[in-house]
Amino acid sequence: MHAALMMLVDGRFPAGGHTNSAGVEAAVRVGDIRDEPSLRRYLTGRLATTGIVDAAFSAHTAGLAPPFDEQLIALGLEYSARVPSPNLRDVSTRFGRQMLRAGAQVWSSPLLDAVASGQPGVHQPLILGAIAQAAGGTPNDAALLSLHHLAAAVTSAAIRLLGLDPMSVAAMQAEMSEQIDACANDADLWAGACPADLPANSGSLTEILAEDHGRWDARLFVA
Amino acid sequence: MPPHDIPHDDFIDHASHERSLPNGRQALRVGIGGPVGCGKTTLVGSLCSLLRDELSVVVVTNDIFTSEDADALRESAVLPDDRIVAVETGCCPHTAIRDDIAANLDAVEGLEERHGDVDLTLVESGGDNLTAIFSRGLVDVQIFVLDTAGGDDVPRKGGPGVSMADLLVINKVDLAQYVGSDVEAMLHDAGERRDGRPVLATSLVDQQGASDVAEWITTQIAAYRA
């Protein structure tokens with residue numbers, strides 16, 4: 001770990017992460033998250049499904065070598081195919097655009113240039129991978145960053161929406177750290193894999209709730 | 001480097017004298033902040049009505065609930081739907097205008113790009129506390145709104161919004177007599193906090209109540225384009 005990469009760990013990095021609840025706002029509304037035990041179950045589920053997928057695409061992108069353009073297009077299509085909810089696909093490109101706007105002002109690299117000058121609508125996990133690479137990160141760093149962003153989004157949104165004790169939630173997140181680390185174990189494998197062979201785990205409720213959330217007329221979080 | 005060797009130029013604040021929009025941008029971005037219920041949405045609605053015939057105007061709103069302010073503006077039909085975008089702030093309205101402006105900047109750039117000819121982009125913050133202020137990365141100038149019913153000691157308390165905003169608006173002066181607020185004292189205290197920067201007293205019962213604010217904005221646009 002080094003200072004540049006630590007900026008990407010920090011929730012204060014201005015990429016709009018604070019507006020993402022990673023599905024928590026919708027899950028709270030239907031009663032799936034009510035307290036700490038149910039929050040823990042939710043996070044466990046997200047890590048094993050969308051968490052692994054996002055981490056894999058970030059790790060793969062962080063390991064890319066030129067030429068980039070066709071690889072980025074293939075990765076984008078593969079990622080889209082793993083996100084059934086049109087709303088979540090839109091949200092992913094929106095967070096990607098926000099992260100690219102911040103990241104491209106801070107770092108530069110051939111991959112980041114290729115992402116910025118290529119087709120618009122790049123998914124957030126790909127942008128995170130490209131920025132992690134530009135900041136000197138490995139595929140494993142990119143995967144861990146992705147998983148940490150998920151855990152941080154889930155826990156901080158639950159603290160804000162339910163008024164949970166932040167220290168107790170931090171302790172819970174720390175207890176889950178081995179589990180989170182383990183999710184990134186395959187990062188090097190993912191970096192070398194063909195995009196079509198990257199994980200395709202999913203949870204149908206995640207997608208259904210996200211579609212519903214996108215139709216609310218009063219939201220506090222983007223997703 | 002010994003202090004006497006530091007070039008004097010380093011201490012001259014060039015930026016504060018330069019008033020131009022970056023990258024050839026045409027739209028002046030104006031932030032409108034202030035506490036809950038002070039009249040931000042009403043002010044934005046009045047400004048749109050007063051300025052829409054002479055300027056191309058777009059609005060980004062940040063109410064805590066995504067679409068409430070946007071709906072209020074759409075229902076009063078002050079602008080076509082496609083000129084208003086609501087942004088979610090993740091329960092933190094001040095973060096969205098100050099520390100992490102990504103969501104707002106995305107909405108602002110999206111609107112300006114889509115309409116091409118935008119002269120004025122209004123960014124209305126969600127209702128917040130007195131320490132909220134807009135990032136210079138998001139807006140060019142900012143207006144902070146207070147109301148007489150929120151207590152006439154608020155200008156004296158100060159805070160970044162009151163002291164640093166380019167324009168301070170003290171709204172609902174028509175209500176002052178009913179809530180026991182001293183408007184003259186508010187204007188006086190605000191003047192002391194603001195180092196000579198302008199303060200306007202308004203009552204937005206009708207759209208004309210915002211005409212001084214509208215005039216201030218057109219003066220700013222002229223200054224940035226000069």
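Let's start with one link between the chains: A:Arg101 forms a salt bridge with B:Asp106, and their closest N and O atoms sit 3.1 Å apart. This comes from a predicted model. The rule finds 5 salt bridges across the interface of chain A and chain B, along with 10 residue pairs in polar contact, both at pLDDT 80 or more.

Both partners in that salt bridge also belong to a helix-to-helix contact. On one side, α5(A) brings A:Arg94, A:Arg97, A:Gln98 and A:Arg101; on the other, α5(B) brings B:Ala102, B:Ala103, B:Leu105, B:Asp106 and B:Glu109. Sorted by type, the residues of this contact are 3 nonpolar, 1 polar and 5 charged.

How do the two helices lie against each other? Helix α5 of chain A (residues 86–106) and helix α5 of chain B (residues 102–115) pack at about 100°, with axes 10 Å apart. That angle falls between 65 and 115 degrees, so α5(A) is roughly perpendicular to α5(B).

Now for the whole interface. Here 19 residues of chain A are in contact with 18 residues of chain B. The two chains bury about 1600 Å² between them, with 49% of that on carbon and sulfur atoms. A:His18, A:Arg101 and A:Leu220 supply 38% of the area that chain A buries against chain B, more than any other three residues.

On chain A's side, α5 and α8 (139–162) each supply at least two of the residues touching chain B. α5(A) gives the most, with 4 residues.

Here is how the two sets of residues divide:

| Set | Nonpolar | Polar | Charged |
|---|---|---|---|
| Contact of α5(A) with α5(B) | 3 residues | 1 residue | 5 residues |
| Side of chain A that touches chain B | 8 residues | 5 residues | 6 residues |

Note on methods. Residues are numbered from 1 along each chain as its sequence is written. Chains are lettered from A and ligands numbered from 1 in the order in which they are written. This is a predicted model: local features need pLDDT of at least 70, side-chain atom pairs count only at pLDDT 80 or more; totals for chains, interfaces and linings use all residues. Side-chain values use heavy atoms; hydrogens and water are left out. Axes are lines fitted to C-alpha atoms, for helices over the stretch in contact, and angles run from 0 to 180 degrees between N-to-C directions. Angles under 35 degrees count as roughly parallel, over 145 as roughly antiparallel, 65 to 115 as roughly perpendicular and the rest as oblique. Contact means heavy atoms within 4.5 Å. Ala, Val, Leu, Ile, Met, Phe, Trp, Tyr, Cys and Pro count as nonpolar, Asp, Glu, Lys and Arg as charged, and the others, Gly among them, as polar. Buried area is the accessible area (1.4 Å probe) that two parts lose on being put together, summed over both. A salt bridge is a side-chain nitrogen of Lys or Arg within 4 Å of a carboxyl oxygen of Asp or Glu. A polar contact is a pair of N or O atoms within 3.5 Å; within protein, one must be able to donate a hydrogen and the other to accept it, and residues adjacent in sequence count only if both atoms are side-chain atoms.
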